[in-house]
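Hi,

Here is the structure I promised to pass on. Have a look at it first, and then read my notes below.

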Amino acid sequence: MDQIEPSAEAQIGAFVASAAKQPLLDAAFELWRWRYRLDSIEGRPTAEQVRINRTLTPEQIGAKYRHDRDHAHEGPMFGYLKRAHPRASDDAIRQAIITAVKFEGAAEAHFKWDGDFWQCVVRAVAQAATQYPDFLETTYRDARNNLAYYMK
């Protein structure tokens, strides 16, 4: 029996609805964590963007990655978080996205693989949490899982 995949809008709506159940800062991290899936659903990158990305040097890729992170609050993430928290001010939404991205970056920066892998992940997120103490414990759990996935 063929299964019908939900529409792009329904899939994105599910991510937004999940984020709406959390405080603004934690919702920003959740949506940021799912950015690649959200981009995929929305058809990003386009075929033309993929073609261009394949021509970039490693330095250019790094610069693009940094630019995307530094300007995450100006892109589609803003719209997703605004849908999840429509009563939040635009400035609060932008700041939540900036903080979520910086928190993820801090966890990545603190990661040093020098011993048991999971303990290294736990330590890195704990160190980042001292810099960004305003997230819920469930967000720190998700950050550990996210970091483990990308560092493995």
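How much space lies in the largest cavity? About 60 Å³. Keep in mind that this is a predicted model, so everything here is computed from it. The structure holds 1 cavity of 30 Å³ or more, and its lining is made up of Phe 29, Glu 104, Ala 107, Glu 108, Ala 143, Asn 146, Leu 147 and Tyr 150. Two elements, α7 (90-110) and α9 (137-151), give two or more residues to that lining. The biggest contribution is from α9, with 4 residues. By class, the cavity lining has 5 nonpolar, 1 polar and 2 charged residues.

Now the overall picture. The protein chain has 9 helices and 0 strands, so from the N terminus on you just read α-α-α-α-α-α-α-α-α. The C-alpha trace spans about 45 × 40 × 40 Å along its principal axes. For 152 residues, a compact globule would have a radius of gyration near 15 Å, and the protein chain has 17 Å, which agrees. Of the 152 residues, 38% count as buried. Contacts reach along the chain too: among those between residues at least 6 apart in sequence, 63% join residues at least 24 apart.

**The last helix on the cavity list**

Back to α9 for a moment. Its 15 residues should span 21 Å at 1.5 Å a residue, and its end C-alpha atoms are 21 Å apart, in agreement with that. Which residues of α9 are buried? They are Thr 139, Tyr 140, Asp 142, Ala 143, Arg 144, Asn 146, Leu 147 and Ala 148. Among these, Ala 143, Asn 146 and Leu 147 also appear in the lining of the largest cavity. The cover over the buried residues of α9 includes α2 (24-33), α7 and α8 (117-131).

**The pockets**

The largest pocket has about 720 Å³ of space. Its lining has 21 residues, and those nearest its centre are Tyr 36, Asp 39, Arg 44, Lys 64 and Asp 68. Two or more lining residues come from each of α3, α4 (47-53), α5 and α6 (76-84). The largest share, 6 residues, is from α5. Sorted by class, the lining of this pocket has 10 nonpolar, 5 polar and 6 charged residues.

The second largest pocket has a volume of about 180 Å³. You will find Tyr 65, Arg 66, Arg 69, Asp 70, Ala 72, His 73, Ile 97, Ile 98, Val 101, Lys 102 and Glu 108 around it. Both α5 and α7 supply at least two residues of that lining, and α7 has the largest share, with 5. The classes here are 5 nonpolar, 1 polar and 5 charged. Glu 108 is worth clicking on, as it is listed in the lining of this pocket and in that of the largest cavity.

**A few residues to look at**

Is Arg 35 buried or exposed? Arg 35 has a relative accessibility of 9%, and it counts as buried because that is under the 20% cut-off. You will find Arg 35 in helix α3 (residues 35-42). Leaving out residues up to four places away in sequence, Arg 35 touches Arg 69, Met 77 and Glu 104. Two of those partners turn up in the linings above: Arg 69 in that of the second largest pocket, and Glu 104 in that of the largest cavity.

Glu 59 is a contrast. This residue lies in helix α5 (residues 58-70), and with a relative accessible area of 60% it is exposed, because that value is over 50%. If you want a distance to check in your viewer, try Glu 59 and Met 77: they are 18 residues apart along the chain, and their C-alpha atoms are separated by 25 Å.

Last one: what kind of peptide bond joins Arg 44 and Pro 45? The bond is cis, with omega at about -5°. Most peptide bonds are trans. Pro 45 sits in the loop between α3 and α4, and its neighbour Arg 44 is one of the residues nearest the centre of the largest pocket.

Have fun with it, and shout if anything in here is unclear.

Cheers

Definitions and conventions
Residues numbered from 1 in each chain as written. Predicted model: local features only at pLDDT ≥ 70, side-chain atom pairs only at ≥ 80, totals over all residues. Heavy atoms only, no water. 1 Å grid on protein atoms, 1.4 Å probe; cavity = no way out; pocket = protein on both sides within 12 Å on 5 of 7 lines; lining within 4 Å. Points joined across faces, edges and corners; volume = space filled by probe spheres on them. Nonpolar A, V, L, I, M, F, W, Y, C, P; charged D, E, K, R; others polar. Buried < 20%, exposed > 50% of the residue type's maximum accessible area, 1.4 Å probe, protein only. Contact = heavy atoms within 4.5 Å. Expected span 1.5 Å × (residues − 1). Rg over C-alpha atoms; globule rule 2.2 N^0.38 Å.
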